[in-house]
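The following exercises concern a single protein model. Each task is followed by a solution that proceeds step by step.

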Amino acid sequence: MKAIPRISHLFIMVLFTVLSFNSLAAPALYKVEKNGISSYLFGTVHVGDASMEGLPKKVTEAIDQSDEVIVEVDISKLTPLQMQQRSMPFMMLKDGKTLQTELSKQNYNKLKDYFAKKSIDIAMFNGLKPWAVMVTMMQIEFQNAGYSDKTGIDKQVLSYAKEHNIKIGELETLEQQLQMFDGMALLSNEMIEETFKQLADINTYFIKLVNAWKSGDMDTLTDYYNMSFDDSNYGEISEQVMLVNRNDKWVEQLVPRLTNEKLFVAVGALHLPEQHGLIKQLKDKGFSVTSL
């Protein structure tokens, strides 16, 4: 079998925090039970195209049966201006550093050429951290592929909860999410290099991952997880910073609540599988976790 190249870890994380799912798909929805209390765990992706609008009935029914909807970050309470004001301090370089000083000459020139082909002056990004520039690149590519966060699953879940007067909670703050990206600062060159590998064939990797999600194919998503977070230094640090640390903190928050409250927990799909995933961790805590 032909080997599939290792996928950029940050690419994977951005993909599953800016993509949504097809309303006709079988999304990753699980019932979590213990001591007679039933809650739900929903693996999401956060942007989509026009065909991806509308929550599946079984998802809205699960929300209706819950006392509170829990998301990673409740972005619905922030205006675009507030989002920008809170994000920029984390995205900007300090102490005289520039994008050029943070990257190798080769990688900087690759970025320069990439933006030049899109008639964008790289000088616009000179004060931004490499990860912030990479996220911008991903947003450009997703938009070019016809995807937007306007039909994202998180926004739809949040909108549904508000319309039905269901309480909304969050697992972390926007600032905590942005600090996560800072944890990858020492790997900026590796991140950029692997991102370019994926951008060279974004249709293949992007469409393949989205289709796996649309079809509810968690096995394929798990395979991508394992290929991405391999045993290299880059792979191990990426997994620890982006998934393991956050999953552990979330489980610590959720376990005492899930034994007393009926919650609908919606988080990125890659937080669910494997040994550090929420499914296994909750099972290890004595919860019954059943796919719906």
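**Exercise 1. A salt bridge of Arg246**

With which residue does Arg246 form a salt bridge, and how far apart are the closest N and O atoms?

*Solution.* The model under study is a predicted one.

Step 1. Arg246 is paired with Glu172, and their closest N and O atoms are 2.5 Å apart.

Step 2. Arg246 belongs to helix α12, while Glu172 sits in the loop between β4 and α8, so the salt bridge ties together parts that are 74 residues apart in sequence.

Step 3. The cut-off for a buried residue is a relative accessible area under 20%. Arg246 has 7% and is therefore buried. Glu172 likewise counts as buried, at 7%.

Step 4. As a general point, side chains of opposite charge can pair when their charged atoms come close.

**Exercise 2. Further salt bridges**

State how many salt bridges a search of the whole structure finds, and describe the one between Asp182 and Lys129.

*Solution.* Step 1. The search of the whole structure yields 10 salt bridges.

Step 2. In one of them, the side chains of Asp182 and Lys129 meet with an N to O distance of 2.9 Å. Asp182 is part of helix α8 (residues 174-182) and Lys129 is part of the loop between α5 and α6, so this pair links parts that are 53 residues apart in sequence.

Step 3. The accessibility of each partner is then assigned. Asp182 is partly exposed, with a relative accessible area of 27%, whereas Lys129, at 15%, counts as buried.

Step 4. Another salt bridge is formed by Glu261 and Arg257, whose closest N and O atoms lie 2.8 Å apart. Glu261 is partly exposed at 26% relative accessibility, and Arg257 is partly exposed with a relative accessible area of 26%. Through shared partners, salt bridges join Glu68, Arg257 and Glu261 into one network.

**Exercise 3. The sheet and its strand β5**

Determine the order of the strands in the open sheet, and explain why strand β5 is described as largely enclosed.

*Solution.* Step 1. The open sheet has 6 strands in the order β4-β3-β5-β2-β1-β6, and the pairing is mixed.

Step 2. The edges are held by β4 (167-170) and β6 (288-291); each has a single partner strand, so one side of each is left without a neighbour in the sheet. From one strand to the next, the twist averages 25°.

Step 3. The neighbours of β5 are now taken in turn. Strand β2 (residues 37-44) runs parallel to β5 and is joined to it by 5 bridges; within this pairing, Gly43 has Val267 as its bridge partner. Strand β3 (residues 68-71) is also parallel to β5, with 4 bridges, and Val69 stands opposite Phe264.

Step 4. Strand β5 covers residues 263-268, and 6 of its 6 residues are buried, so the strand is largely enclosed by the rest of the structure.

Step 5. An antiparallel pairing is provided by strand β1 (residues 28-34) and β2, over 7 bridges. Here Tyr30 has Leu41 in β2 as its bridge partner.

Step 6. Helix α12 (residues 233-258) lies across β1, β2, β3, β4 and β5, at about 165° to β5. Arg246 of Exercise 1 lies in this helix.

**Exercise 4. The packing of helices α5 and α6**

Describe the geometry with which helices α5 and α6 pack, and identify the residues that meet.

*Solution.* Step 1. Helix α5 (residues 105-117) and α6 pack at an angle of about 35°, and their axes are 12 Å apart. The crossing is left-handed.

Step 2. From α5, the residues Leu111, Tyr114 and Phe115 meet Val133, Met137, Ile140 and Glu141 of α6. Classified by type, this contact has 6 nonpolar residues, no polar residues and 1 charged residue.

Step 3. One further residue of each helix is examined. Asn107 is found in α5 and is buried, with a relative accessible area of 1%. Apart from its neighbours within four places in sequence, Asn107 is in contact with Asn189, Ile192 and Glu193.

Step 4. Met138 is found in helix α6 (residues 130-144). Met138 is buried, its relative accessible area being 0%. Its C-alpha lies 9.0 Å from that of Thr195, although Met138 and Thr195 are 57 residues apart in sequence.

How values were computed. Residues are numbered from 1 along each chain as its sequence is written. This is a predicted model: local features need pLDDT of at least 70, side-chain atom pairs count only at pLDDT 80 or more; totals for chains, interfaces and linings use all residues. Side-chain values use heavy atoms; hydrogens and water are left out. Buried means under 20% relative accessible area, exposed over 50%, partly exposed in between (1.4 Å probe, protein chains only). Helices (H or I, at least four residues) and strands (E, at least two) are DSSP runs, numbered from the N terminus. Two strands pair if DSSP finds at least two bridges between them. Axes are lines fitted to C-alpha atoms, for helices over the stretch in contact, and angles run from 0 to 180 degrees between N-to-C directions. A crossing is left-handed if the near helix is turned anticlockwise from the far one by less than a right angle, and right-handed if clockwise. Contact means heavy atoms within 4.5 Å. Ala, Val, Leu, Ile, Met, Phe, Trp, Tyr, Cys and Pro count as nonpolar, Asp, Glu, Lys and Arg as charged, and the others, Gly among them, as polar. A salt bridge is a side-chain nitrogen of Lys or Arg within 4 Å of a carboxyl oxygen of Asp or Glu.
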